[in-house]
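Work through the exercises below with the sequence and the model side by side, and try each task before reading its solution.

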Amino acid sequence: MKVPRVVIGMSGGVDSAVSAFLLKKRGYDVIGVHMINWDSQEEGISSCPRSKDEVDARSVCDKLKIPFHTVNFVKEYWNNVFLRFLENYQFGRTTVPDIDCNQSIKFDVFHKIAQEKFDADFIATGHYATTSFGDFQQNKNEPDEEIRLFSGRDPLKDQTFFLCTVTQEQLRRAMFPLGSLYKSDVKRIAEEQGFHSVVQKPESMGICFIGKKKRFSEFLDEYIEPKPGRIVLKDGKIIGNHHGIHQFTIGKRINGKYLEERSHFGFFVSDIKPESGDVVACEGSHHPHLYATKFLIEQPNWIPISNPLKSYPPSEIMCRIQRTHPPVPCILEKCGDIISVVPRLPLRATAPGQMCVFYTTKNECLGGGEIIKIQDTL
Ligand SMILES: Nc1ncnc2c1ncn2[C@@H]1O[C@H](COP(=O)(O)OP(=O)(O)OP(=O)(O)O)[C@@H](O)[C@H]1O
């Protein structure tokens with residue numbers, strides 16, 4: 001019988017290095033593939049055609065004696081992730097490019113090339129997530145069996161939040177070899193295998209173009225036209241001016257350079273109005289206007305085949321709007337194509353553009369939908 005072939009996405013980081021090792025150890029026919037998604041030469045931050053990540057990814061594959069290839073998705077990344085990211089910022093929306101990258105690059109064009117060019121049976125990544133088929137798909141029984149996505153064992157590293165838009169088809173060919181491991185196990189294995197160059201690396205940001213940016217706001221200014229506007233309090237009082245709403249994020253402190261008024265507690269963004277260009281501010285990081293009690297989301301991508309709103313008791317559904325926040329119980333109500341979400345605890349800094357990702361009380365990730373409007377705050 002043919003040994004199944006697994007293409008592993010090699011980022012040059014420790015997680016994919018250890019994933020490749022585990023796959024090889026289990027006897028798969030493993031091929032390492034590094035994606036080039038961002039052209040650092042074009043941007044002028046590097047004159048070297050090979051990035052350190054590519055060099056590190058290759059050296060791990062050499063050590064494991066598995067083939068290594070690169071694929072170039074600069075154009076796809078620019079069109080489907082970066083332009084969308086800029087558009088969101090232009091309209092004052094918070095955005096999660098990691099989710100777009102998974103949706104349109106890692107689980108789409110990367111899967112396609114892995115199957116078509118490299119003849120992959122499975123495509124693995126070093127995400128901290130697990131599925132009902134097991135970390136190596138060892139528990140799959142029937143060809144068309146439903147697959148379910150679950151949080152990785154390490155609660156601090158769980159990446160299912162970023163995987164909320166995957167489909168059944170994509171998940172059925174995906175492998176997450178690290179799903180049952182803690183990050184500390186992964187680092188230990190990397191040390192044991194002598195993957196020195198990748199163990200020492202700082203944790204990646206996941207987002208290629210943000211990774212090395214120290215001055216993120218200046219970077220944004222290079223791509224987005226200035227559009228002056230006012231900073232106002234909810235009662236309409238003007239307290240400052242700005243040169244573009246793309247410099248502001250709901251929940252973040254407003255830099256004093258934009259303000260004519262001072263406050264001991266600081267001013268924070270509570271709303272952004274793209275039509276008028278107004279940034280609405282409130283005083284203090286725990287001001288009630290920063291806490292959403294009801295918001296609307298677009299029709300979510302549901303990962304299970306049947307709609308979880310029909311198949312799960314409402315008391316078992318929880319939501320989170322940021323990867324690092326624990327899920328909270330919520331009440332969902334369908335109004336046409338839109339769903340209203342009432343979290344049991346008010347959620348700070350909820351913003352249009354963010355994803356609301358749903359879980360069961362048993363750590364199953366059910367999928368997620370984009371937040372389109374905050375309806376009520378405290
Ligand atoms: N440039 C890339 N080329 C190929 N695969 C990639 C690339 N970037 C990320 N991946 C895949 O996606 C997974 C998740 O990437 P992400 O950057 O979000 O997480 P990470 O935990 O920092 O992973 P790593 O330690 O492997 O860099 C990686 O483990 C890898 O399998």
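The exercises that follow treat a nonpolar core, a strand pair and the ligand site.

This is a predicted model, in which local features need pLDDT of at least 70 and side-chain atom pairs count only at pLDDT 80 or more, while totals for chains, interfaces and linings use all residues. Residues are numbered from 1 along each chain as its sequence is written, and side-chain values use heavy atoms, with hydrogens and water left out.

**Exercise 1.** Find which element supplies the largest share of the largest nonpolar core.

Solution. A nonpolar core is a set of buried Ala, Val, Leu, Ile, Met, Phe, Trp, Tyr and Cys residues joined through side-chain atoms within 4.5 Å, where buried means under 20% relative accessible area (1.4 Å probe, protein chains only). The largest such core has 31 residues, and Val-18, Leu-22, Leu-23, Met-175 and Phe-195 have the most contacts inside it. Its largest share, seven residues, comes from α1, a helix (a DSSP run of H or I, at least four residues, numbered from the N terminus).

**Exercise 2.** Determine how β10 and β11 run relative to each other.

Solution. Strands are DSSP runs of E, at least two residues, and two of them pair if DSSP finds at least two bridges. Six bridges join β10 to β11 (residues 278-283), and the two run antiparallel, with Ile-272 standing opposite Val-279.

**Exercise 3.** Locate the polar contacts of the ligand with Gly-9 and Asp-15.

Solution. A polar contact is a pair of N or O atoms within 3.5 Å. A backbone N or O atom of Gly-9 lies 2.6 Å from a ligand oxygen, and a polar side-chain atom of Asp-15 lies 2.5 Å from a ligand oxygen.

Definitions and conventions:
Buried < 20%, exposed > 50% of the residue type's maximum accessible area, 1.4 Å probe, protein only. Polar contact = N/O pair within 3.5 Å; in protein donor to acceptor, adjacent residues only side chain to side chain.
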